[in-house]
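Please consider the structure shown here, with attention to individual loop positions and their surroundings.

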Amino acid sequence: MSEEKYIRPSWDEYFLEVMHSLAKRATCPRGRTACIIVKDNQIVVSGYVGSPPGLPHCDDVGHLMKKMVNEDGSISEHCVRTIHAEQNAICQAAKRGVSIEGGTIYCKLAPCRTCAMLLIACGIKRVVAEYKYHSGSEAEEMMKQAGIQIDYVHDEVLTYK
């Protein structure tokens, strides 16, 4: 009886799987997302969607919704109680004195405009996102202009309920 040969996941598959596990710590049910930042195939920092330390979490007190005007003029509601996963990861790097320059970030959703600007300023060189972000075209263009390689697992926009 022959046994099938085990095939190890690629680095991208591996880091996305780790990111999914980390997302279970997120504290906003609208976007239980996370990210990890990697250099030389080693995880250097991680972050997930959550409120700043000491402040209430959506899971405990509910969402803090604000209306936003999108690029196309449509209006959507967003929870602003939490910090995005990318922002939390950058804060972790800063608190620990870890350089993320030249790194790759693995995330569930492509970065928003603000997160894209922060990633550009930090020197991130590659973004691997499972899905596009609903208002991400401007962010994507900025990252491309800055020389950041963007790879999507799925070429579709992930929408919230």
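In this predicted model, Arg81 occupies the loop that connects strand S4 (75-79) to helix H3 (85-96). The residue is buried but forms no salt bridge. Its nearest side chain of opposite charge belongs to Asp60, 9.0 Å away, whereas a salt bridge requires a distance within 4 Å. The side chain of Arg81 does, however, reach the backbone oxygen of Gly62 at 2.9 Å. Leaving aside residues up to four places away in sequence, Arg81 touches Ser51, Pro52, Pro56, His57, Cys58, Val61, Gly62, His63 and Leu64.

A second loop position is Thr27, found between helix H1 (11-23) and strand S1 (34-39). Thr27 counts as buried because its relative accessibility is 11%, and the limit for burial is under 20%. With residues up to four places away in sequence again excluded, the contacts of Thr27 include Ser51, His57 and Cys58, and these three residues are also among those touched by Arg81. Thr27 further touches Arg32, Val49, Gly50, Asp59 and Thr82.

The third position is Gly123, in the loop between helix H4 (113-122) and strand S6 (126-131). Gly123 has a relative accessible area of 12% and is therefore buried. Beyond residues up to four places away in sequence, Gly123 touches Ile100, Glu101, Gly102 and Gly103. Leu158 lies 35 residues from Gly123 along the chain, and the C-alpha atoms of these two residues are separated by 26 Å.

Key
Residues numbered from 1 in each chain as written. Predicted model: local features only at pLDDT ≥ 70, side-chain atom pairs only at ≥ 80, totals over all residues. Heavy atoms only, no water. Helix = DSSP H or I, 4+ residues; strand = E, 2+ residues; numbered from the N terminus. Buried < 20%, exposed > 50% of the residue type's maximum accessible area, 1.4 Å probe, protein only. Lys, Arg positive; Asp, Glu negative; His and termini not counted. Polar contact = N/O pair within 3.5 Å; in protein donor to acceptor, adjacent residues only side chain to side chain. Contact = heavy atoms within 4.5 Å.
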